[in-house]
Amino acid sequence: MTGSATPATPATPPGREARVPLLELRDLRVTFPVAGGVARAVDGLDLLVEAGETVGLVGESGCGKSVTALAILRLVGPDGHIAHGSSVRLEGRDLLALPGKEMRAVRGNHVALVFQEPLSALNPVLRIGAQIAEAVRAHESVTRATARWRAIEMLTMVGLPEAERRARQYPHQLSGGMRQRVMIAMALVCRPKLLIADEPTTALDVTIQAEILELLAELQRKLGMAVLLITHNLGLVAETTQRVAVMYGGQIVEEAATEALFARAAHPYTEGLLAAVPRLDEPRERLRVIPGQVPPATSWPAGCRFHPRCPYAWERCRTEAPPLLEAAPGHRARCWLVEEPARRTRADAPPGEKP
Amino acid sequence: MTGPLLDVRELATHFTRRAGLFGTRTETVRAVNGVSFTIGRHDTLGLVGESGCGKTTLARTILRLVERTAGEVRFDGQDLFALGPAALRRMRRRMQIVFQDPYASLNPRMTIGRAVREGLEIHELARGDAADRRVVELLDEVGLGADAVTRYPHEFSGGQRQRAVVARALAVDPDFIACDEPVSALDVSVAAQVLNLLADLQARRGLSYLFVSHDLAVVRHVAPRVAVMYLGRFVEVGPAAEIYERPKHPYTQALLSAVPVPDPKTRRARIILAGDPPSPVHPPPGCPFQPRCHHPLKDATCTAVRPELRELAADHRVACHKAD
């Protein structure tokens with residue numbers, strides 16, 4: 001516990017100082033004009049993803065996690081604005097400065113994206129084999145026959161039974177789990193270095209989710225890619241990631257090795273989230289609740305953005321916005337409690353058992 | 001009165017739909033295919049299963065929102081399918097349902113106050129000033145302020161809307177609420193608020209719930225008794241502690257092993273099921289789970305004979321030839 005107030009920069013794992021990280025976000029800010037103001041959806045976000053690792057980006061609706069994913073690929077739409085001074089670097093290359101044509105070469109080729117709803121991401125009137133072949137030909141100058149062969153090879157790799165026959169089918173002929181396999185095949189056919197998976201299994205049943213997770217882990221080992229897993233599901237994060245960043249109010253509020261975060265959550269928001277999830281392994285009488293709700297992105301509260309919902313908040317939290325502070329080596333939290341740990345006593349009695 | 005509040009026997013709900021290129025053929029979807037259970041007073045039955053297993057159809061059939069094909073439902077001793085329209089309406093006052101999507105369940109042009117008041121008026125429970133006061137009390141009971149009365153659904157967050165839906169269900173002072181995925185569309189922190197609210201209401205009013213969810217952790221949290229549904233039938237039913245600690249049916253075992261647990265130190269072996277769930281139009285012969293079953297003793301009996309539920313431990317019943 002150093003308790004230093006210096007705004008920490010993204011933690012670099014020891015011994016890797018000289019290497020350029022695979023993905024480096026610095027001070028990423030994305031705004032959207034909305035009726036009655038500007039929504040600061042992502043508001044000064046720093047994040048590192050090293051080659052081959054799996055990083056979880058967790059948070060609830062409206063925290064900015066999906067906008068972060070889209071901003072990495074510059075897909076925030078005509079209304080979204082990535083602020084000047086933001087930086088998105090892939091192996092050192094500034095993606096925000098790339099001309100459109102070069103950016104298109106990055107998308108799909110170096111960085112691929114998988115969404116929650118595979119049916120809306122697939123073209124309903126194109127056979128799935130043709131869609132994947134198209135992805136290959138968009139990035140590599142290969143013949144149609146080669147592209148088609150690559151598509152079938154990839155469909156086999158994602159475990160689609162009878163890949164050759166399936167390649168001639170349309171998306172509606174496949175089940176939800178198979179469609180998500182097709183999406184993954186399409187995302188990985190150009191062997192990207194980074195896969196951004198935005199709630200990849202949220203629309204799927206839990207047994208199908210288990211299949212897809214095994215598949216992603218296996219493909220990651222085979223292809224050596226890094227995965228940025230964006231999810232609201234803390235169970236998924238615990239089971240699949242090495243590092244995790246928790247978002248609240250457009251910012252990262254806590255970042256740590258996954259085991260450390262689940263063992264000792266430093267930020268009261270993370271602590272609250274972990275206590276609010278019903279547990280399969282250890283049922284509890286009553287769930288702890290985070291009072292109130294996420295404020296709108298047009299008017300983040302002054303001081304710490306979480307202070308109106310925080311059980312520990314004191315005067316300082318209402319006026320001074322905390323930077324990310326180092327709670328332990330490699331474990332940072334945007335919370336004044338890191339400097340004043342003695343204040344971690346709840347004003348209210350912890351809502352315990354039923355009366 | 002003694003006896004269970006809700007007594008469901010051999011209930012089946014089949015749908016016919018047109019199939020084939022020109023819709024000339026019909027096929028039968030056996031959504032619910034012979035289900036029996038009881039729910040006591042101040043009791044909760046948790047119902048888990050994956051998409052298409054028939055859990056939502058079951059909940060709707062019990063409230064007669066969908067017509068049954070066979071079987072019977074007794075509510076407080078009365079045969080629900082024998083009731084005439086007026087008697088059914090009186091009975092409906094005592095049975096309510098809360099759906100997954102609170103926005104779709106609320107009329108966007110109706111204030112929250114009117115939505116809650118409607119039930120009071122339809123069932124002639126209160127009118128005028130008394131109704132106004134009752135609406136405010138109900139909103140207060142679910143944690144919404146009196147200012148909600150004049151506001152519209154779009155002005156609220158998902159969690160607040162679901163509270164409003166619960167207030168509307170409570171307006172008619174029901175004995176039973178079927179909760180169909182009531183927190184599945186909500187964020188973690190908000191879902192916890194609504195789950196605690198449902199628990200408080202049950203304690204205060206002695207309500208009974210049928211709690212339908214795909215989320216096994218949520219069901220464990222709310223229900224002392226749990227039924228696992230697969231392809232229109234219960235494959236396992238029993239006390240929650242039994243089912244979660246000692247699951248007997250291979251499907252329950254797979255389902256539980258697939259749920260990610262928010263603790264990176266627990267590394268459990270996942271049972272990966274082969275293939276997708278079969279269609280309720282053409283259920284496989286024998287045991288409905290047999291094509292995906294990983295049980296080491298699976299044999300010809302499983303593919304030939306459909307197993308009935310049998311009691312393996314106190315109140316713990318399993319439909320599997322090989323479970324012990």
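Reader: Which residue is the bridge partner of L45(B) in strand 9 of chain B?

Author: The partner is R225(B). Before going on, note that this is a predicted model, in which local features need pLDDT of at least 70 and side-chain atom pairs count only at pLDDT 80 or more, while totals for chains, interfaces and linings use all residues. Residues are numbered from 1 along each chain as its sequence is written, and chains are lettered from A and ligands numbered from 1 in the order in which they are written.

Reader: What makes strand 3 and strand 9 of chain B a pair?

Author: Two strands pair if DSSP finds at least two bridges between them. Strand 3 and strand 9 (residues 225-230) of chain B have 4 bridges, in the parallel sense, so by the rule of at least two they pair. Strand 3 of chain B also runs parallel to strand 8 (residues 208-213) of chain B, with 5 bridges between them. There, L47(B) has V212(B) as its bridge partner.

Reader: What counts as a strand or a helix here?

Author: Both are DSSP runs numbered from the N terminus: a helix is H or I over at least four residues, and a strand is E over at least two. Counted in this way, chain B has 11 helices and 12 strands.

Reader: Why is strand 3 of chain B called largely enclosed?

Author: A residue is buried if 20 or more other C-beta atoms lie within 10 Å of its own, exposed if 12 or fewer, and partly exposed in between, with C-beta atoms placed from the backbone. In strand 3 (residues 44-48) of chain B, 5 of the 5 residues are buried, so the strand is largely enclosed by the rest of the structure.

Reader: Which residues of strand 3 of chain B lie on one side, and which on the other?

Author: T44(B), G46(B) and V48(B) are on one side, L45(B) and L47(B) on the other, and all are buried. In a regular strand, side chains alternate between the two faces of the sheet.

Reader: Is H42(B) buried, exposed or partly exposed, and what is the count behind the label?

Author: H42(B) has 14 other C-beta atoms within 10 Å, so it is partly exposed. The residue sits in the loop between strand 2 and strand 3 of chain B. Its phi is positive, about 55°, although H42(B) is not a glycine.

Reader: What label does D76(B) get, and on what count?

Author: D76(B) has 17 C-beta neighbours inside 10 Å, so it too counts as partly exposed. D76(B) is in the loop between strand 4 and strand 5 of chain B, and its phi is near 50°, a positive value in a residue other than glycine. Strand 4 (residues 70-75) and strand 5 of chain B are antiparallel and joined by 2 bridges. One of the bridge pairs is F75(B) with Q78(B).

Reader: What makes strand 2 and strand 5 of chain B edge strands?

Author: Strand 2 (25-39) and strand 5 (78-79) of chain B each pair on one side only. They belong to an open, antiparallel sheet of 4 strands in the order 2-1-4-5.

Reader: Why does the span of helix 7 of chain B agree with the expected one?

Author: The expected span is 1.5 Å times one less than the number of residues. For the 18 residues of helix 7 (residues 188-205) of chain B this should be 26 Å, and the end C-alpha atoms are 26 Å apart, so the two agree. Buried residues of helix 7 of chain B include V188(B), A191(B), L195(B) and L198(B). Among the elements that cover the buried residues are helix 11 of chain A and helix 6 (158-171) of chain B. Just after the helix, G206(B) has a positive phi of about 65°.

Reader: Why does the radius of gyration of chain B agree with that of a compact globule?

Author: The radius is taken over C-alpha atoms, and the globule rule is 2.2 Å times the number of residues to the power 0.38. For 324 residues that comes near 20 Å, and chain B has 21 Å, which agrees. Of these residues, 44% count as buried.

Reader: How many residues of each chain are in the contact between chain A and chain B?

Author: Two residues are in contact if their C-beta atoms, placed from the backbone, lie within 7 Å. The contact takes 38 residues from chain A and 35 from chain B. Helix 8 of chain A gives the most to its side, with 6 residues.
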